[in-house]
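Q: Got a minute to go through this structure with me? I'd like to start with the charged pairs.

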Amino acid sequence: MMGVMASEETRAVKPTAARTPSAQGPLPPAPRAWAVRLVVVGIVLSALNLRPAITSLGALLEEVRDGLGMSGSVAGLLTSVPPLCFAVFGVTAPRLARRFGAGAVVCAGMVAITTGLLVRPYTGSTPGFLAASALALMGIAVSNVLMPVIVKRWFPDRVGSMTGLYSMALALGTSAAAAVTVPLTDALGGGWQSGLAVWAALAGAAVLPWIPLVREQGPGSAVGSVHARVEGAGPVQHVHARVEPTALRITRSRTAWALAVFFGLQATAAYITMGWMAQIFRDAGVPAGTAGVLLAVTMVMGVPLAFVIPRVATRLPHQGPIVLALGVCGLAGYAGLYLAPAAGAWVWAVLLGVSNCAFPLALTMVGMRARTGAGVAQLSAFAQSTGYLISIPGPLLVGVLYQHSGGWGLPIALMIGLMIPQMAVGVLAGRDRTVEDEAAAAAP
C-alpha cells in the first residue's frame, strides 16, 4: 500500500511557498524515517476512533433511552450533540494547532475521547451522559479538523492516497463499533454500560503514537515538516516550511461556502443514519442484532470506497460526477427504506453506505480546494464547523417527527428532500478552483 501511495502524483507546490535559508533563517533538519512512519500509524489509529463514540451509541440507543429514562425528543437531541460539538470545538483547532502543534492537539484529543468514553456510561443521569459525551466529541472535533492539515503538511504529493487511508480507517472504526457493540455487550454480561465503555481502550491506544512525535517536534511545530513536490524540480524533495497565518478571507470564497454546505448536508445524512437507521429496521420487525449488523454494513461500505474515491477524485478536474453518483445511491436507499424497509434491508444498507462516502470525498476536496497548508487549515475549520452547524437540526428533527407522527414516513421524506440540495452544492464545490484565488479576486 505504501508503494502505491509513493507513486501518486498530485498538484505541485509552488517553489515560492517554501522557506529559504537566506530569507527566513536556517531550515529545520529533515524528518526522520521513523517519524514519518509514526505519523501514518497515528493517523490510522486516530481515524479509527473518530466515530465509535457515535455508532456504538446508535447500536444501543434503545437500551440507553430506557436506562436513563429519555424521551424520543431527548434521544433526538442526543443524536444532535455530535455535530454541535464538532461545530463549536472544531473552529478552535487551527488556533490551538498554531500554539501547541497539530500533533499535540490531536494527542490531547485522543485523551479526551478516552476519558469521555470511559466516564459517560457510569454517570447515571442524562445530563452527566451528555457532558461526558461532549468531552469525547470535543476530542473528535479538533482531530476532525486537523487530520486533513497533517495529511497536507506531511504528504502533499499523496493527498489522495493518505486521505483515502485515513477515511478507510475512519469507516472501519465506524462499522466495527456498529457491528460488534451489541455482541460485546452480551459477552460482557448484557449491561449497556460495559458495551459503551469498552471503546475507551481503542482510544487509549491512539494516544501512544503521538507522544514521541510531540516530543520530537516540540510545541508549535504543528508536527509540521512539509514534504513537497516542488514544481519543475524533478523527484520529490523535502522542503521544510512553517505554515504561517495568512490574511485569507475564507468567507469571500464561493467554493468555501459550497463545500461547507455540502459538508453539512452529508453530515446530516450520516448522523441521521448512524443515530436512527438501526431503529428504523427494528421498528420494521428486524431483530436488534441484525439491525446492528445492517448499520455495520452501511458503515463498512466506506472501508474500500473511502480509499478508492479520494484517489479517483484527485485525478479528475471536477468532482461533480462523483457527487451525483453518490446522491443517486442515497435517493434509492431512502426510497427503499420508505417502501420496503425489512424486505430489502440489505440492499438499502449497501446503497446508503455508498451514499455516505460523500464524507471522504468532502475531505479530499478540502485538500484540493486550497493551495497552502494554512489555506487547508482555514478551509477545513470553516467547512467542518459551518457544516456541522448546518447538520445539527437534522437528527433532532427526525426524532421529533418520529415521535409525533408515530412512523418513519415523514422522517424518510425529510432525508430524501435534503439529498437534492446536497447534490447541487456538491457539484459547485467540485469545480477546479482554490479558495485563495477566489478570496483574492473578491477583495476590494
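Q: Is R433 buried, partly exposed or exposed, and what is its relative accessibility?
A: R433 counts as partly exposed, at 35% relative accessibility. Keep in mind that this is a predicted model.

Q: Which residue forms a salt bridge with R433?
A: E438 does. The closest N and O atoms of the two are 3.8 Å apart. The cut-off for a salt bridge is 4 Å, so the pair counts.

Q: And E438, buried or exposed?
A: Buried. E438 has a relative accessible area of 14%, and the buried class is under 20%.

Q: How many salt bridges by that rule?
A: Three.

Q: What does R371 pair with?
A: R371 meets D437 in a salt bridge, at 3.3 Å from N to O. The two sit in distant parts of the chain, 66 residues apart. R371 is in the loop between α19 and α20, while D437 is in helix α23.

Q: How exposed are those two, R371 and D437?
A: Both are partly exposed. R371 has a relative accessible area of 43%. For D437 the figure is 45%.

Q: What about E63, which side chain does it meet?
A: The side chain of R282, in a salt bridge of 3.7 Å, N to O. E63 lies in helix α5 and R282 in helix α14, so this pair ties together parts that are 219 residues apart in sequence. E63 is partly exposed, with a relative accessible area of 30%.

Q: Changing topic. How many disulfides does a search of the whole structure find?
A: Zero.

Q: Why is there no bond at C329?
A: Because the closest cysteine sulfur, in C357, is 9.4 Å from the sulfur of C329, too far for a bond. The cut-off for a disulfide is 2.5 Å.

Q: And C85, buried or exposed?
A: C85 is buried, with a relative accessible area of 6%.

Q: On to helix α22. What should its 21 residues span, and how far apart are its end C-alpha atoms?
A: Helix α22 covers residues 409–429. At 1.5 Å a residue, the expected span is 30 Å. The end C-alpha atoms are 31 Å apart, which agrees.

Q: Which residues of α22 are buried?
A: P411, I412, M415, M419, Q422, M423, V425, G426 and A429.

Q: What do the buried residues of α22 pack against?
A: Other helices: α14 (254–283), α17 (320–339), α18 (345–355), α19 (358–368) and α21 (393–405). Helix α14 came up earlier, with R282 in it.

Note on methods. Residues are numbered from 1 along each chain as its sequence is written. This is a predicted model: local features need pLDDT of at least 70, side-chain atom pairs count only at pLDDT 80 or more; totals for chains, interfaces and linings use all residues. Side-chain values use heavy atoms; hydrogens and water are left out. Helices (H or I, at least four residues) and strands (E, at least two) are DSSP runs, numbered from the N terminus. The expected span of a helix is 1.5 Å times one less than its number of residues. Buried means under 20% relative accessible area, exposed over 50%, partly exposed in between (1.4 Å probe, protein chains only). Contact means heavy atoms within 4.5 Å.
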